[in-house]
Each structure stands twice: as structure tokens, then as C-alpha cells.
Amino acid sequence: MAQTMKDILNRMLNHERLSRNEMKQILVGITQSEYPNEQITALLTALQMRGVTVDELLGFRDGILETGVPVPLHCERYIDVVGTGGDRKNTFNISTTSCFVIAGAGYKVAKHGNYAATSTSGASNVIAQHGVKFTDNIDQLNRCMDECGIVYLHAQLFARAMKFVGPIRKALQFPTIFNLLGPLVNPSQPSCQLLGVANLDQMRLYQQVYQRLGIDYGIVNSIDGYDEISLTGDFKVTTNHYERIFSPADLGFKAAQPEELVAGATEQEAKEIFDAVLENRALPAQKNIVLANAAFGIQVLERGAISIEECIAKARESIDNGNALRTFQRFVELNS
């Protein structure tokens with residue numbers, strides 16, 4: 001490397017920005033154990049204090065994808081529905097449930113996820129609770145996509161760089177650039193994404209990132225701080241096609257109460273809510289929240305060409321006619 005980490009850190013102290021390629025090379029260097037932990041800690045802290053730029057975020061993304069395991073899926077158009085996490089609301093598995101509703105409506109989904117960081121149950125927790133075994137076998141993943149329209153990509157099997165920074169991130173105990181990267185490093189690199197963010201600053205950052213990546217996106221934020229459409233109040237949606245604030249009533253839904261979204265205290269309680277939604281026996285608020293998130297995902301897949309009301313109808317039919325549940329049951333069969 002032309003620059004040493006000492007040079008990089010001196011530039012950071014001068015409030016300089018790093019290029020996309022420089023950040024990529026640093027990430028690759030981290031995976032080759034080129035830098036002592038103290039220097040990596042200093043870099044992550046400096047980035048966090050100054051604020052991460054779009055180029056810096058994209059550079060680390062490039063490095064994670066280059067040093068990780070790629071997942072070439074044999075289908076053109078599919079979506080990932082994911083939240084940044086960190087809203088500390090301990091909601092049930094809204095994104096993951098929405099993914100199976102979208103797949104049940106006849107679309108393709110590649111869900112990227114991990115174990116919970118700040119809530120009772122992450123995507124990987126709720127899926128593992130059903131006896132699913134995670135895999136990085138490309139043939140098996142493609143077969144699953146062909147047969148039930150959805151694959152699950154457990155992050156730890158693909159992003160090899162993350163294990164090099166795990167202990168540092170744990171020791172730092174504050175969010176770093178790596179917290180922003182989770183939604184951007186799906187190893188199959190989907191051309192569509194629905195992302196929930198916890199605040200409007202993140203919404204602007206990811207909007208610029210998606211525009212640079214050239215993908216179809218929807219970014220959602222509930223004004224009261226949820227990193228998904230919570231229906232507890234107004235929420236903002238930004239896509240390739242529009243930016244607007246919705247109320248639950250705009251979609252024909254009643255406002256939800258915060259306690260209706262909670263995952264419970266155990267993984268088993270979170271699993272029970274997930275199952276109840278797919279089996280169409282959940283609380284009305286729980287079902288409506290999944291319908292809303294699934295609908296905006298469907299609208300992204302449809303390139304904004306159909307109304308949100310039509311997308312809600314498609315999501316509702318997926319649950320009501322049992323397709324979402326059958327899709328999940330087939331998914332479990334193929335992956336157990």
C-alpha cells in the first residue's frame with residue numbers, strides 16, 4: 001500500500017476525506033492483518049466523530065464484498081427487505097415476515113440477515129428457531145430460489161471481513177461505520193432493496209448511496225424513531241420515484257400502539273408472533289404492519305408502476321390465501 005495507516009490517520013486529523021478506493025484498500029488490509037487493532041480503533045473513532053461520507057461507506061462496502069463469498073443467483077430481479085437496526089424498539093421480526101409475504105405474492109426475495117444485536121430476535125434467530133440450517137452452498141441457494149422464490153443469506157457465512165473487526169466493535173461500545181454497512185453488503189447484490197432507517201440523516205445518506213449504486217430502492221422511517229413502517233404514527237418514504245410522508249390512515253390502517261409491535265422477552269415469543277402473522281391469526285396491528293412493509297417492497301419491485309393500494313392488496317392476498325405460509329413451509333423443508 002502506498003499510504004501507511006499513519007498517513008491515513010494524519011489526514012483524518014486534518015479533517016480530510018478518504019476516497020472510495022482508499023477505503024476499499026484499508027478494508028482489504030484489515031482482512032490481511034496489516035494494521036494493529038489500536039490503529040483500526042483510531043480510524044473507526046475518527047470516522048464516527050467526523051461523520052462518514054458516501055464514498056467512504058461505498059469503499060468499505062466494496063472491500064467487504066471483494067473479500068467475502070459472492071452469491072450469484074440465477075434470477076434477474078429480487079429484493080432484500082432490511083432495517084439498519086439500532087432503534088432499540090425490540091420489535092418483532094417485521095422485515096423477515098414481510099419477505100415471506102412478498103415471496104408468497106409471487107416475487108423473488110434474497111433476505112440477508114444476522115442474529116439480533118439490540119433486540120430479542122434477529123432474522124437469523126427466528127429462522128433458526130424453525131430448524132433451518134444456514135448454508136453458503138450456491139446450488140442449494142439457487143434451488144431454494146427456484147422452488148419457493150426466497151433465499152436466506154446468513155451474514156456470518158459471507159462477510160469474512162467482519163470477524164477481523166468483531167472484537168474491536170465490541171470493545172468500542174458505540175456505533176461505527178460497520179453498523180451502516182449491514183444493509184449494503186448482501187452478497188447476492190440485489191437490484192432492489194427496501195430499507196428501514198432510524199432517522200432522517202440516515203435516510204439522506206442511504207439515498208445518495210443507492211443513487212450511486214443505481215438500484216431500485218425504497219427507504220422508510222417512522223417519524224417516532226422506528227427503523228421500519230410501524231404504523232404508530234406518520235412515516236416517511238423515499239424511493240426512486242417519489243418522497244412523501246404517509247399516515248396510517250392514508251393506507252386504510254388504524255394507528256398501532258407501540259406495545260403491539262414488541263417481540264416479547266424471548267426468541268420463542270418472537271417466533272410465535274412470526275408464525276401467527278403467516279398463519280393469519282395475529283393481532284390486526286401486527287398483520288397490518290407486515291402488510292404495509294411488504295407493500296412498499298412490492299412497489300419497489302414493480303418500479304413504482306402500481307399504486308400502494310394495489311400493493312397492499314397483493315400482500316393481503318398472500319397472507320389470506322395461505323401462499324405466504326406455504327412459501328415459508330416449503331422454505332423450511334428445503335433448508336432443514
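Student: What comes right after helix α8, and what is its phi like?

Tutor: Gln173 follows α8, and its phi is positive, near 60 degrees. Helices here are DSSP runs of H or I with at least four residues, numbered from the N terminus. Keep in mind that this is a predicted model, where local features need pLDDT of at least 70, side-chain atom pairs count only at pLDDT 80 or more, and totals for chains, interfaces and linings use all residues. Residues are numbered from 1 along each chain as its sequence is written, and side-chain values use heavy atoms, leaving out hydrogens and water.

Student: Which residues of α8 are buried?

Tutor: First, the general idea: an α-helix has 3.6 residues a turn, so residues three or four places apart point the same way. In α8 (residues 162-172), Met162, Val165, Ile168 and Leu172 are buried, meaning under 20% relative accessible area, with exposed being over 50% and partly exposed in between (1.4 Å probe, protein chains only). Looking down the axis of α8, these buried residues fall within an arc of 125 degrees, so they line one face of the helix. That arc uses the directions from the helix axis to the C-beta atoms.

Student: What is on the other side of α8?

Tutor: There you'll find Lys163, Pro167, Lys170 and Ala171, which are exposed.

Student: And what do the buried residues of α8 pack against?

Tutor: They pack against α2 (20-31), α3 (37-50), α4 (54-67) and α9 (177-181). Contact means heavy atoms within 4.5 Å.

Student: How many helices and strands does the protein chain have?

Tutor: It has 14 helices and 7 strands, a strand being a DSSP run of E with at least two residues.
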